[in-house]
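Dear colleague,

I am passing on a structure for you to look through, and my notes on what was found in it follow directly below. Please read them with the coordinates open beside you.

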Amino acid sequence: MAKNVCVSVSTDPVKNFQSIVEYAKKMSELADMLHCDVMDGIFVSNKTYNSTMVSNINQNTSLMLDVHLMVQEPMKEIVKYAEAGANIITVHYEAFSNKEDVIKAIRLIKSKKLLVGLAIKPQTSFNEIKTYAFDIDILLIMSVEPGLSGQKFMPEMLDKIKECDKFRRENNLLLKIEVDGGINKQNAKQVVDAGADILVSGNYVFSATNKKSAIAELKK
């Protein structure tokens with residue numbers, strides 16, 4: 001049976017913030033989710049929009065909003081994005097100096113009746129965060145360094161995806177695996193075969209002349 005692959009289209013390549021809502025509207029009929037890349041200029045060098053933009057997107061599209069917080073202090077931001085209309089809030093494991101606060105963040109997101117995502121950078125091993133796999137809905141594996149659109153997929157991340165997939169099957173977890181960074185039609189099958197359920201696509205879809213066809217390529 002064919003695997004149901006979801007495509008979460010990233011807003012990151014849209015550099016003119018005033019065009020993001022229009023892009024989100026176009027994606028409403030094509031993508032499964034909109035991946036809202038929120039960067040604070042501290043956790044990563046780039047800086048993007050805030051919860052006001054997410055609220056604006058939410059008011060203008062029916063898409064599921066997949067909010068990826070690349071911020072230094074996620075605990076201060078979670079409630080804002082929940083109120084703005086996020087359906088999924090993903091925080092970065094590396095943003096927490098006190099790892100006990102990871103559980104606090106997970107609980108806070110759950111208290112808002114949202115899906116919980118935990119993101120890890122390429123250098124963070126799955127083994128380091130596997131205890132959290134029992135409490136989250138989505139593990140976001142970064143296949144590039146976060147913060148800059150247009151990077152090439154790191155093929156060594158395939159082993160990490162396989163490791164996570166093996167762990168969730170052994171423990172009967174409903175956890176979904178999301179992969180973000182350099183996804184295109186050349187590597188999508190490898191990523192899905194390794195265990196991914198959700199593919200984040202930025203430049204590949206954004207730069208495609210036929211965006212419907214580009215998304216279909218990823219899903220198949």
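For the pocket described first, Ala, Val, Leu, Ile, Met, Phe, Trp, Tyr, Cys and Pro are counted as nonpolar, Asp, Glu, Lys and Arg as charged, and the others, Gly among them, as polar. Please keep in mind throughout that this is a predicted model.

With that division, the lining of the second largest pocket consists of six nonpolar, four polar and six charged residues. The volume of this second largest pocket is about 250 Å³, and of the 16 residues that line it, V38, D40, V71, E77 and Y81 are the closest to its centre. Strand 2 and helix 3 (78-84) each contribute at least two residues to the lining of the second largest pocket.

Turning to the interior, the largest nonpolar core comprises 73 residues, and those that touch the most other members are M27, I57, L69, I89, L139, V191 and L199. The element that gives the most to this core is helix 1, with five residues. Apart from it lies another core, of five residues, which include C6, M33, I88 and I138. As for L199, once its neighbours within four places in sequence are left aside, its contacts are V5, C6, V7, S8, V179, I183, A188, V191, V192 and L218.

A second residue that I would ask you to look at is I177, which is found in strand 7 (residues 176-180) and is buried, because its relative accessible area is 0% and the cut-off for burial is under 20%. Not counting residues up to four places away in sequence, I177 touches L139, I141, I161, C164, D165, R168, G195, A196, D197 and I198. By contrast with those contacts, P13 lies 23 Å from I177, C-alpha to C-alpha, and the two are 164 residues apart in sequence.

Two of the residues that I177 touches, R168 and D197, also pair with each other in a salt bridge, in which the closest N and O atoms are 2.7 Å apart. Because R168 lies in helix 6 and D197 in the loop between helix 7 (188-194) and strand 8 (198-201), this pair ties together parts that are 29 residues apart in sequence. R168 counts as buried at 9% relative accessibility, and D197 likewise counts as buried at 9%. Salt bridges that share partners join D165, R168, R169 and D197 into one network.

Helix 6 (residues 157-170) also holds K166 and E170, which, being four residues apart, are separated by about one helical turn. The side chains of K166 and E170 meet in a salt bridge with an N to O distance of 2.7 Å, and K166 counts as partly exposed, at 46% relative accessibility.

Finally, the side chains of D32 and K219 form a salt bridge, at 2.7 Å from N to O. Since D32 lies in the loop between helix 1 (20-27) and strand 2 (33-39) and K219 in helix 9 (residues 211-219), the pair ties together parts that are 187 residues apart in sequence. D32 is partly exposed, with a relative accessible area of 31%, and K219 is partly exposed as well, with a relative accessible area of 30%. In total, the count of salt bridges comes to twelve.

With best regards

Definitions and conventions: Residues numbered from 1 in each chain as written. Predicted model: local features only at pLDDT ≥ 70, side-chain atom pairs only at ≥ 80, totals over all residues. Heavy atoms only, no water. Salt bridge = Lys/Arg side-chain N within 4 Å of Asp/Glu carboxyl O. Buried < 20%, exposed > 50% of the residue type's maximum accessible area, 1.4 Å probe, protein only. 1 Å grid on protein atoms, 1.4 Å probe; cavity = no way out; pocket = protein on both sides within 12 Å on 5 of 7 lines; lining within 4 Å. Points joined across faces, edges and corners; volume = space filled by probe spheres on them. Core = buried A, V, L, I, M, F, W, Y, C linked by side-chain atoms within 4.5 Å. Contact = heavy atoms within 4.5 Å.
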